[in-house]
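User: Please take a close look at one stretch of backbone for me. After that, walk me through how the strands elsewhere are arranged and how far the prediction can be trusted.

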Amino acid sequence: MIERRTVFKAALAAGAALVAAACSSENGGTALPTGANADGEGGAQPVAKITAEPAVNAKDVPVLKPAVLKVADGKLTECKLSAEGGKTVKGDTSPDGLTWTSSEPLGYGKTYTYAAKATGSDGKPVEFTGSFTTIAPAKQVRATLNPSDEQTVGVAMPISVKFASPVKNRAAVEKALSVKTDKEVEGAWGWLSDSQVDYRPKEYWPQNITVNVEAKLYGVDLGGGAYGKADVTTKFKIGRNQVVKINTPEHQMHVYRGGAQVKSYPCANGLDGEVDRNTPNGTYIVMSKEPSAIFDNARYGYTNVNKKWACRFSNHGEFIHENQDNAANIGKTNNSHGCVNLLEADAKDYFDSALIGDPVEITGSQLSPPMNSDVKDWNYSWAAWQGLGAK
């Protein structure tokens, strides 16, 4: 699977000098009048007072928390937040001149320095400086997102976010994830493991819609000292509605488009008399397409068998593929090792029509759905799927 990674542009260079001003961090960020000493000699104290959040000398500041400068009894005339190395953090001053707020994420493990000026209601200027330090994670965890940008996929395609390390704080992750579509779709996130969370709709996706996914994971506390390394996003399309339906005793593979049957191919499915060789019941998706695939199964005594037009629909080992060598049984007898065998011309015809993410629905078998497949989302009832969300 191809994943698109978009790194948040929050990396900031190292090493910055403090900005000299009349007020220092030793005064806890409280501004002093320009030209006045610590005892206020040299003139009456100005009325303006600048304060900051995070406070001066604060440590382990979350990188997603905006820095805010405020003034009382005056208006801000200059506001600057500098990263190590002198790069200025973007920010905006409110129209009333009372507040300045940073507008971009901060970097991990960095020191930031305030430099602000204001003029009080008494006309006297004040200045403010001070520094704070952001959190330095024990580990930064990268995530990948599938489907990738600009793909067109089938109506059963789940959205999958996979993490390089296990996640403890599942609720925080789900809060950072969003799915937007052209049409209203009911769906939910479900955790298939400690390092993978998938999104699937309650029913198949509506056909011909666009799906936008944002995983705003940079700065998210994943638990155990780990934080998200970067944001990831994707925008993909859902194609036409095509569904494969196979009732194994019928020896026929039916293809439906928009709910109407458009094709029916004779097939041979997993051997009826041996449950472990049955093509398992369940709802799967086309996971990959290979014009030529090599099959090996030492348990059943075959290796290096080449078959054409193979569409994988389960990592348990099931494919829809050509098996012209089994032509005498196709449409008559189920004798495969779990795959769906088609005649070569039919296999090519179906292969050309299939999209990654198309549903494959199997019924009539004695074998239950294997829950060790990588893509098992549709083998949960909707209620069970909702139960896989963060508690």
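**The loop between E2 and E3**

Analyst: Asn57 sits in the loop between E2 and E3 (strands are DSSP E runs of at least two residues and helices are H or I runs of at least four, numbered from the N terminus). This is a predicted model, where local features need pLDDT of at least 70, side-chain atom pairs count only at pLDDT 80 or more, and totals for chains, interfaces and linings use all residues. Residues are numbered from 1 along each chain as its sequence is written, and side-chain values use heavy atoms, leaving out hydrogens and water.

So what's odd about the backbone here? Asn57 has a phi near 75°, which is positive although the residue isn't glycine. Pro54 also belongs to the loop running from strand E2 (49-53) to strand E3 (68-72), and the peptide bond joining Glu53 to Pro54 is cis, with omega about 5°. Further along, there's another cis bond, from Asn146 to Pro147, with omega near 5°. Pro147 is in the loop between strand E10 (143-146) and strand E11 (152-153).

On to the strands. An open sheet of 5 strands runs in the order E22-E21-E20-E28-E23, with mixed pairing (two strands pair if DSSP finds at least two bridges between them). Strand E22 (260-266) and strand E23 (282-285) are at the edges with a single partner strand each, so each has one side without a neighbour in the sheet. From one strand to the next, the twist averages 20° (axes are lines fitted to C-alpha atoms, for helices over the stretch in contact, with angles of 0 to 180 degrees between N-to-C directions).

Inside that order, strand E20 (residues 242-247) pairs with strand E28 (residues 359-363) in the parallel sense, over 4 bridges. Across that pairing, Lys245 faces Glu361 in E28. Helix H2 (residues 344-353) packs on the sheet and touches E20, strand E21 (252-257) and E22, its direction making about 145° with that of E22 (contact means heavy atoms within 4.5 Å).

As for trust, the chain's pLDDT averages 90, and 89% of the residues score at least 70 (pLDDT is the predictor's confidence in each residue, from 0 to 100). Where does it dip? Across residues 1-28 pLDDT stays under 50, though the model gives that stretch 78 contacts beyond four places in sequence. Residues 30-41 are also below 50, and beyond near neighbours in sequence they have 25 contacts in the model.
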